[in-house]
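Here are my notes after a pass through this one. Have a look at the structure first, then go through the points in order.

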Amino acid sequence: MENQNLDALNLTNTVFNVLIESVVNHFKLKHNILIKYKDSQLYGFGNYNTEQPSLKGDFELIIKSYVNGKYLYNKQREAASGKPIIKISGDYKNLFFKYLGFQNITDFIKSDLFTSKQRIKQLELITKGDKINEHHYVCYYYGEDSKMNKGQVIIHNNWKTIEMIYVYVNEKEEKNTYTFYGNITQSEDFAHINTKYYVGNKKSEGAKFIFFIGKSSPNERQYLIGTYCGFDKYDRAISGKMILKKYNSKAEIEDEANDKSFDPILCQELNKNRTVVESNIRKNPLLFSKKSPFAQVLTRTSGDYVFKFEIEQTRHELKLKIEKYHFNIISINDSIIIEDDRVTVLNKGQIINFDFSVSGMFHLQKISIYINAIYFVENDNKVTGIFNGVDINNKIVSGNLSIVAIN
């Protein structure tokens, strides 16, 4: 086949595992080896005994030149880690097949070692040729230790499989690498990614991702934005927002992932955008978080109100509803929209904070309000507090306000 003349031969994980098992079994049968061989002696690297049989020695008799004994061993490690596609390059791409008595990959997969489905999948991988090109991305996200993180993302097999590499540096500047492999399913306008990782021979569930790709090919997108959920390095359940940026090569994503600087545009979108569920069981809901004991204060805030802002002896009024249970802040005036709203309890339940933006014709455009919670606890009809914000002229303002319930 024409593709066999390419520099590298792509093998599915299944085909490679059958290949290496066949090679090792053939070696042991040929040399009548019944005892367990160390990997270094079997493959022929490190301080192996050159007087004893090794695959390196057998291969060199076939190829009539030097063979790197660790090459096949490293490929075996790649396959054991779950990598979906194993690349065999240079003089090695036919060497292993010839050792077994086959001319090439085509003859090998015609054998009865494979099912029809496995054979078809490998043939598709060969015949696609340059369509199997890898696509390289760097993923950016707000991760462990409250810092921005980067990871390497390699898309294989025409957007069907993925490899993700994360490198963490500890206090001693030692690097720990975590590699995930997964499948990609495209549905509607989204790419759904499920990954797994391997510890020894054990396969465990990794993170899951959803990215919006639109109607066109994902290869056309310089950036992809989506969400992730999984477990972090502290074994906590986490989720958040992630951005993928496209690069031209594996070398480029390695350089970028190792660079400790971050694009401020990406930081703005991702900072603090992360949810963490601690890995322990709470017997009492008051222990869910430090805010839980003061949740009852929030229930007193719901209702319809007139917010009266005093700025330089001028009053500006805004009618708002605070929804019960959901605590959304909604404008009662149809010509004004409330956005980015949040109601929180601060200082051990002593202070209530209303934070929101205003779209529409109103003097204030961004507002943060601080109120003593005792007013809501005692159900006073009139509540007072202070605010700061930005007015319609982009001027930073502050002042007093009162909140009056609408009966």
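**Notes on cavities, salt bridges and backbone**

1. Let's start with empty space: the largest cavity holds about 50 Å³. By cavity I mean a set of points on a 1 Å grid over the protein atoms alone where a 1.4 Å probe fits but cannot get out, with lining residues having an atom within 4 Å of a point. Grid points are joined across faces, edges and corners, and the volume is the space filled by probe spheres set on the points. Two cavities of 30 Å³ or more turn up in the structure.

2. Before going on, a word on provenance: this is a predicted model, where local features need pLDDT of at least 70 and side-chain atom pairs count only at pLDDT 80 or more, while totals for chains, interfaces and linings use all residues. Residues are numbered from 1 along each chain as its sequence is written, and side-chain values use heavy atoms, with hydrogens and water left out.

3. Which residues line the largest cavity? The lining consists of Tyr43, Leu55, Lys56, Phe59, Val67, Asn68, Gly69, Tyr71, Leu72, Tyr92 and Phe96. Helix H3 (55–63), helix H4 (69–80) and helix H5 (92–99) each give two or more residues to that lining. Helices here are DSSP runs (H or I, at least four residues) and strands likewise (E, at least two), numbered from the N terminus. By class, the lining has eight nonpolar, two polar and one charged residues. For that tally, Ala, Val, Leu, Ile, Met, Phe, Trp, Tyr, Cys and Pro count as nonpolar, Asp, Glu, Lys and Arg as charged, and the others, Gly among them, as polar.

4. The second largest cavity has about 40 Å³ of space. Around it sit Val153, Ile155, Trp159, Ile162, Met164, Ile193, Phe211, Leu224 and Leu244. Strand S4 (147–156) and strand S5 (161–169) are the elements that supply two or more of these lining residues. The class count for this lining is nine nonpolar, no polar and no charged.

5. Back to S4 for a moment: Asn149 is in that strand. Asn149 counts as buried because its relative accessibility is 14% (buried means under 20% relative accessible area, exposed over 50%, partly exposed in between, with a 1.4 Å probe and protein chains only). Its C-alpha atom and that of Phe376, 227 residues further apart along the chain, are separated by 42 Å.

6. Now the salt bridges, of which the structure holds 18. The criterion is a side-chain nitrogen of Lys or Arg within 4 Å of a carboxyl oxygen of Asp or Glu. Glu163 pairs with Lys83, the closest N and O atoms being 4.0 Å apart. Glu163 lies in strand S5 and Lys83 in the loop between H4 and strand S2 (85–89), so the pair ties together parts that are 80 residues apart in sequence. Buried or exposed? Glu163 is buried, and so is Lys83.

7. Another salt bridge joins Lys241 to Glu269, with the closest N and O atoms 3.3 Å apart. Since Lys241 is in strand S10 (residues 237–247) and Glu269 in helix H9 (residues 264–270), the pair ties together parts that are 28 residues apart in sequence. Lys241 is partly exposed at 22% relative accessibility, and Glu269 is partly exposed at 36%.

8. Then there is Lys395 with Glu312, whose closest N and O atoms are 3.6 Å apart. Lys395 lies in the loop between strand S18 (382–391) and strand S19 (396–405), and Glu312 in the loop between strand S12 (303–311) and strand S13 (314–322), so this pair ties together parts 83 residues apart in sequence. Lys395 is partly exposed, at 44%, whereas Glu312 counts as exposed, at 67%. Lys75, Glu78, Lys83 and Glu163 are joined into one network by salt bridges that share partners.

9. Finally, the backbone. Most residues other than glycine have a negative phi. Tyr325 has a positive phi near 70 degrees; Tyr325 lies in the loop between S13 and strand S14 (329–331) and is exposed, at 65% relative accessible area. Asp340 also has a positive phi, near 50 degrees. Asp340 lies in strand S15 (residues 337–346) and is exposed, at 59%.

Conventions:
On a 1 Å grid over the protein atoms alone, a cavity is a set of points where a 1.4 Å probe fits but cannot get out, and a pocket is an open set with protein on both sides within 12 Å along at least five of seven lines; lining residues have an atom within 4 Å of a point.
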